[in-house]
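User: Please take a close look at a single part of this protein and work outwards from there. I would like one connected account rather than a list.

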Amino acid sequence: MRKPVILINGGPAFDKTFEENSWGINKTYVHAVGAAGGAPVLCAEDDSAEDYAAICDGLILTGSFSYCPRLELKDRLERVGQPARVILDKKLFQAFKDAGKPILGICLGQQIINLFLGGTVNTNFKYETGVEHMMTSHTIKTEPGSILRELFGEEFYVNSRHNNAIVDLAPDLKATAWSPDGIIEAVEHKSLPIWATQFHPERMRGDVPEPPMGPDFTPLFQWFVERCRQ
């Protein structure tokens with residue numbers, strides 16, 4: 001039986017050897033899909049969204065490369081790469097949504113799904129609230145009937161690596177998990193196979209899970225791959 005093919009969008013990167021803009025992906029996403037029984041494919045071509053949607057069984061919209069310890073690379077990625085990332089993501093999201101194929105958003109992936117569906121996002125909300133959500137961890141509480149509640153229970157620890165957060169939820173989405181300070185940590189579409197998390201489930205598995213006191217999130221990727229198989 002053929003493995004479900006999962007397209008991973010990746011993000012803008014910089015090839016310092018040849019001084020060229022490039023496209024890259026954190027391999028934690030690849031490993032999570034592979035361990036769940038899927039065949040991961042990296043996307044880097046924004047003119048082939050409909051072709052990808054026809055060939056692949058599902059889509060993962062990943063987080064960003066916004067945390068960068070080298071300021072000169074961060075500046076270049078923000079000026080050159082991030083606009084290209086948004087254009088690609090919008091085309092991919094629309095193509096897979098129109099095809100009725102499963103979509104999983106992670107971190108920035110959740111935020112842009114909300115934006116594409118008519119919601120709003122607050123950038124750098126910590127400067128207004130004083131709450132830090134970058135490079136830390138916290139608990140979340142899940143909504144009864146949600147996939148997170150079904151797989152992992154009512155409350156558990158997750159990682160936190162973001163500066164932006166959903167403010168107004170898109171009309172077609174429902175929130176299914178929240179942080180103690182009220183940040184929306186997961187959403188599900190009301191009628192389509194679209195799910196998303198603000199935290200990084202791909203980092204909550206493997207040899208060095210982040211955070212170590214959180215659950216192993218391999219079952220979420222297995223569940224998503226099975227939805228793609230169906």
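Analyst: A residue counts as buried when its relative accessible area is under 20%, and as exposed when that area is over 50%. Cysteine 228, at 7% relative accessibility, is therefore buried. The model is a predicted one, and every value below is computed from it.

Some background on the chain comes before the close look. The chain holds 7 helices and 13 strands. Of its 230 residues, 49% are buried. Take the contacts between residues at least 6 apart in sequence: 69% of them join residues at least 24 apart.

The part chosen is strand β13, which covers residues 194-197. In a regular strand, side chains alternate between the two faces of the sheet. For β13, Ile194 and Ala196 lie on one side, and Trp195 and Thr197 lie on the other. These four residues are all buried, and both faces of the strand are covered.

Strand β13 has pairing partners with opposite senses. Strand β6, residues 103-106, pairs with β13 in the parallel sense through 4 bridges. Within that pairing, isoleucine 194 of β13 is the bridge partner of isoleucine 103. Strand β12, residues 184-189, runs antiparallel to β13, and 3 bridges join them. Here threonine 197 of β13 stands opposite alanine 186. The two strands β12 and β13 make a hairpin, with 4 residues in between.

The same strand also takes part in an internal space. Searching the whole structure for cavities of 30 Å³ or more gives 1. The volume of the largest cavity is about 50 Å³. Helix α6 (147-152), β12 and β13 are the elements that each supply two or more residues to the lining. From β13 come Trp195, Ala196 and Thr197. Alanine 186 and threonine 197, which stand opposite each other in the hairpin, are both among the lining residues. Others in the lining include Leu104, Ile147, Leu148, Thr176 and Leu220. By class, the lining is made of 8 nonpolar, 2 polar and 1 charged residues. Glu188 is on the lining list, and glutamate is classed as charged.

Moving from β13 to its parallel partner β6 leads on to another strand. Strands β5 and β6 run parallel, joined by 3 bridges. Isoleucine 103 of β6, already met as the partner of isoleucine 194, stands opposite leucine 59 of β5. Strand β5 covers residues 58-61; Gly58 and Ile60 point one way from it, Leu59 and Leu61 point the other way, and all of them are buried. Strand β1, residues 5-8, also pairs with β5 in the parallel sense, over 3 bridges. In that pairing, isoleucine 6 has glycine 58 of β5 as its bridge partner.

Going forward along the chain from β6, the loop between β6 and α4 (108-116) contains cysteine 107. Cysteine 107 has a positive phi, near 60 degrees, although it is not a glycine. Its relative accessible area is 5%, so cysteine 107 is buried. The helix that follows, α4, is mostly covered, with 7 of its 9 residues buried. Those buried residues are Leu108, Gly109, Gln110, Gln111, Ile112, Ile113 and Asn114. Just after α4, glycine 118 also takes a positive phi, of about 105 degrees.

Going forward from β13 instead, the chain enters the loop between β13 and α7 (218-229), where proline 211 lies. The peptide bond leading from glutamate 210 to proline 211 is cis, with omega near 0 degrees.

Cysteine 228 brings up the matter of disulfides. A disulfide is a covalent bond between the sulfur atoms of two cysteines. The closest cysteine sulfur to that of cysteine 228 belongs to cysteine 56, at 9.7 Å, which is too far for a bond. The cut-off used is 2.5 Å between sulfur atoms, and the count by this rule is 0 disulfides.

For contrast with the covered strand, consider alanine 54 in helix α2, residues 49-55. Its relative accessible area is 60%, so alanine 54 is exposed. Alanine 95 is 41 residues away along the chain, and the C-alpha atoms of the two alanines are 8.8 Å apart.

To return to the part in question: β13 is covered on both faces, has β6 as a parallel partner and β12 as an antiparallel one, and gives two or more residues to the lining of the largest cavity.

Conventions. Residues are numbered from 1 along each chain as its sequence is written. This is a predicted model: local features need pLDDT of at least 70, side-chain atom pairs count only at pLDDT 80 or more; totals for chains, interfaces and linings use all residues. Side-chain values use heavy atoms; hydrogens and water are left out. Buried means under 20% relative accessible area, exposed over 50%, partly exposed in between (1.4 Å probe, protein chains only). Two strands pair if DSSP finds at least two bridges between them. On a 1 Å grid over the protein atoms alone, a cavity is a set of points where a 1.4 Å probe fits but cannot get out, and a pocket is an open set with protein on both sides within 12 Å along at least five of seven lines; lining residues have an atom within 4 Å of a point. Grid points are joined across faces, edges and corners, and a volume is the space filled by probe spheres set on the points. Contact means heavy atoms within 4.5 Å.
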